[in-house]
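Please look over the predicted model shown here. The paragraphs that follow begin with a single loop residue and then turn to the packing of two helices.

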Amino acid sequence: MTLTASVRRPAGKPAGGTGTGVGTGTEIGAGTPPGGRTGRARDADGLAVASFVLGLVGLLVMNILLGPAAIVMAVIALARSTSRRGRAFLGLALGIADLVVLALLVTSNGTVSWNFVG
């Protein structure tokens with residue numbers, strides 16, 4: 001017994017998903033993904049979430065790298081008209097907060113690291 005997949009198509013439909021038959025435009029391969037979201041919009045949403053996460057993590061560790069990365073990702077996500085504008089703005093604010101924390105650390109004890117011991 002062999003395991004092979006066979007796809008059954010209605011008569012008159014070619015394998016590519018486009019053909020001369022009557023269609024509604026919602027078939028697989030019709031050009032838009034399910035839900036109507038394009039790849040660019042999903043990328044912008046991903047950038048908004050990534051900027052939020054990087055900004056949040058950057059408050060604790062590696063704020064010299066994660067802060068600017070969060071700012072750049074948030075600006076790109078907003079420029080691409082993300083549907084997660086709130087997360088993009090939070091990522092932007094947290095990225096700026098990362099840089100403020102970095103500036104406070106440098107001015108208070110001259111290093112870019114946390115120091116809990118007095």
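T82 lies in the loop that runs between helix 2 and helix 3, the latter spanning residues 85-109. Its relative accessibility is 4%, and because values under 20% count as buried, T82 is classed as buried despite this loop position. Leaving aside residues up to four places away in sequence, T82 touches A44, D45, A48, A77 and A88.

Polar atoms of the T82 side chain also lie close to the backbone in two places. The backbone oxygen of A44 is 3.5 Å from a polar atom of that side chain, while the backbone nitrogen of R84 lies 3.1 Å from a polar atom of the T82 side chain.

Among the residues that T82 touches are A44, A48 and A77, and these three also take part in the contact of helix 1 with helix 2. Helix 1 covers residues 39-58 and helix 2 residues 63-79, and the two pack at an angle of about 155° with their axes 8 Å apart. Since an angle over 145 degrees counts as roughly antiparallel, helix 1 and helix 2 are therefore described as roughly antiparallel to each other. Their crossing is left-handed.

On the side of helix 1, the contact is made by A44, L47, A48, A50, S51, L54, G55, V57 and G58, which meet N63, L66, A69, A70, M73, A74, I76 and A77 in helix 2. Sorted by class, this contact of helix 1 with helix 2 comprises 13 nonpolar and four polar residues, with no charged residues.

Definitions and conventions. Residues are numbered from 1 along each chain as its sequence is written. This is a predicted model: local features need pLDDT of at least 70, side-chain atom pairs count only at pLDDT 80 or more; totals for chains, interfaces and linings use all residues. Side-chain values use heavy atoms; hydrogens and water are left out. Axes are lines fitted to C-alpha atoms, for helices over the stretch in contact, and angles run from 0 to 180 degrees between N-to-C directions. Helices (H or I, at least four residues) and strands (E, at least two) are DSSP runs, numbered from the N terminus. Angles under 35 degrees count as roughly parallel, over 145 as roughly antiparallel, 65 to 115 as roughly perpendicular and the rest as oblique. A crossing is left-handed if the near helix is turned anticlockwise from the far one by less than a right angle, and right-handed if clockwise. Contact means heavy atoms within 4.5 Å. Ala, Val, Leu, Ile, Met, Phe, Trp, Tyr, Cys and Pro count as nonpolar, Asp, Glu, Lys and Arg as charged, and the others, Gly among them, as polar. Buried means under 20% relative accessible area, exposed over 50%, partly exposed in between (1.4 Å probe, protein chains only). A polar contact is a pair of N or O atoms within 3.5 Å; within protein, one must be able to donate a hydrogen and the other to accept it, and residues adjacent in sequence count only if both atoms are side-chain atoms.
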